[in-house]
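Please look over the sequence and the structure shown here before reading on. The briefing that follows begins with a term about accessibility and then moves from the whole chain to single pairs of side chains.

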Amino acid sequence: MTNDPGGPPDEGSGDDRPNPFKGTPFEQIFNQFGGALGGGLGGAPGAPGAGGMPDLSALMSQMQAMMTPHEGSVNWALAKDVARRTVAQSPDPSPTDRQRADVADALRLADHWLDSATDLPSGVRSPTAWSRAEWVEDTIAVWQRLVEPVAEHVVSAMGNALPEEARAMAGPLLGILGQAGGAMFGTQVGQALGGLAGEVLSASDIGLPLGPDGTAALLPANVGAFAEGLDVSAEDVLLYLALREAAHQRLFAHVPWLRAHRLATVEDYGRGTTIDVSKIESSMQGIDPMNPESIQEALEGGLFEPEKTPAQQAALTRLETALALVEGWVDEVVGQATESRMPDAAKMQEAVRRRRAAGGPAESAFAALVGLELRPPRLREASALWGSLRARKGQAARDAVWAHPDLIPTAADLDDPLGFQEGSVPASEALTDAEFDAALADLLDNEGGSDGSPEA
């Protein structure tokens, strides 16, 4: 390729061809990578240009050297590695034998107390204590299922932004750019999960079934940090959190449709993701691919932050309601179990409620990443609803509501939590005593599985 300004360019040169990527996020990618490779889009070596095609072979070689192959839309090997390295930035000792024994004892006592507060039997098969790194390892499979639907749309957004001519000319480069997007998203996911690992208190702390079935786990290091500043003994803090963990496990184990329904709702939300392509393009202008700090700054600035469509907002409302109902039921049942046994239970309840309402930096980072808030905004209303239902109809009636998803309160019910099932169901549609007893028996007899899970 000649650079003689007085003569015509060589045959096959990109210098005399219009740039088909102009006006798309790829233009900025090529400009930035092109400069790093020694030539931009038709400009002088070492500086980005605005003329013809980039040196695609050099660009592909450089990007292949930066990334390792992966399946799916996220480089999950990279995500887990980043999460582990994020966790390792502060001390993360493995739980001692004494801590593991204390957690197991607390979970056993918690299950004993809960037997008087709910008819749902124990769902704990494996009580354990986790380090933060173990939390990452043991929950990564569920995070993969939750994040992939969002990531698929995020990573494909840049490719979908290309005009048809550019797609045809890019050829295999599109796959390489997909790898780049997967690596970037994997980095951001890993940072968010590493941050969450430093904040969560148990396997089900955020109200989603993240751990293996039947595994109830607490994180002693995080529990100890949470206990600091509370005017409550360390033993009571551990027991109260064990009660919450054990209550979550009862629901997830003995309401067979719940686990699949919760995860499917998140997946449904992710499938509706749309991305602000202009924001990606704007962010790419400041990225130097040879400078990891510039990439990091773009990621922290919400490079791939999704937008909420009306369909997504509806799915988000369903998810928030489901989160609130689970957390509200746990709050009510634990309150009932501790009412006459733990004098400081009210302090613990309020501390947990404030923590759930405020969230933490990692929760905010995850919300920016996938658009999902991990804290239920209507926890108090949901707790009041379950408590009112028990006061009026008994705890068996309260728990029988979980027998079928059609019986579950809606967002509208949370607007009037004290009036749920109080004259709101027409007599022709109300359950008879026999039907109610049958639903309750079915709930208690069904030990698990996903048969009959509703569509999300």
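A residue is called buried when its relative accessible area is under 20%, exposed when that area is over 50%, and partly exposed in between. The structure described here is a predicted model, and in its chain of 456 residues, 51% of the residues count as buried.

**The chain as a whole**

- The chain contains 19 helices together with four strands.
- Among contacts with a separation of 6 or more, 80% come from residues that lie 24 or more positions apart in the chain.
- About 19,500 Å² of the chain is exposed, and carbon and sulfur atoms supply 51% of that area.

**Salt bridges in general**

- Side chains that carry opposite charge can pair when their charged atoms come close.
- In this structure, 20 salt bridges are found, and the bullet points below describe some of them.

**A pair within one helix**

- Aspartate 102 and arginine 98 form a salt bridge, in which the closest N and O atoms are 3.2 Å apart.
- Both residues belong to helix H4, which covers residues 97–114, and because they are four residues apart in this helix, about one helical turn separates them.
- Aspartate 102 has a relative accessibility of 29%, so it counts as partly exposed, being neither under 20% nor over 50%.
- Arginine 98, with a relative accessible area of 61%, is exposed.

**A pair that links distant parts of the chain**

- A salt bridge also joins the side chains of aspartate 213 and arginine 259, with an N to O distance of 3.2 Å.
- This pair connects distant parts of the chain, since the two residues are 46 residues apart: aspartate 213 sits in the loop between helix H7 (173–197) and strand S2 (215–218), whereas arginine 259 sits in helix H10 (residues 258–271).
- Aspartate 213 counts as partly exposed, at 47% relative accessibility, while arginine 259 is buried, with a relative accessible area of 19%.

**A buried pair and its network**

- Arginine 398 forms a salt bridge with aspartate 399, and the closest N and O atoms of this pair are 2.8 Å apart.
- Arginine 398 and aspartate 399 are both buried.
- These two residues also take part in a network of salt bridges, in which Arg398 and Asp399 are linked with Glu332 and Arg390.

Notes
Residues numbered from 1 in each chain as written. Predicted model: local features only at pLDDT ≥ 70, side-chain atom pairs only at ≥ 80, totals over all residues. Heavy atoms only, no water. Buried < 20%, exposed > 50% of the residue type's maximum accessible area, 1.4 Å probe, protein only. Contact = heavy atoms within 4.5 Å. Areas by Shrake-Rupley, 256 points an atom, 1.4 Å probe, with all protein chains shown as cover. Salt bridge = Lys/Arg side-chain N within 4 Å of Asp/Glu carboxyl O.
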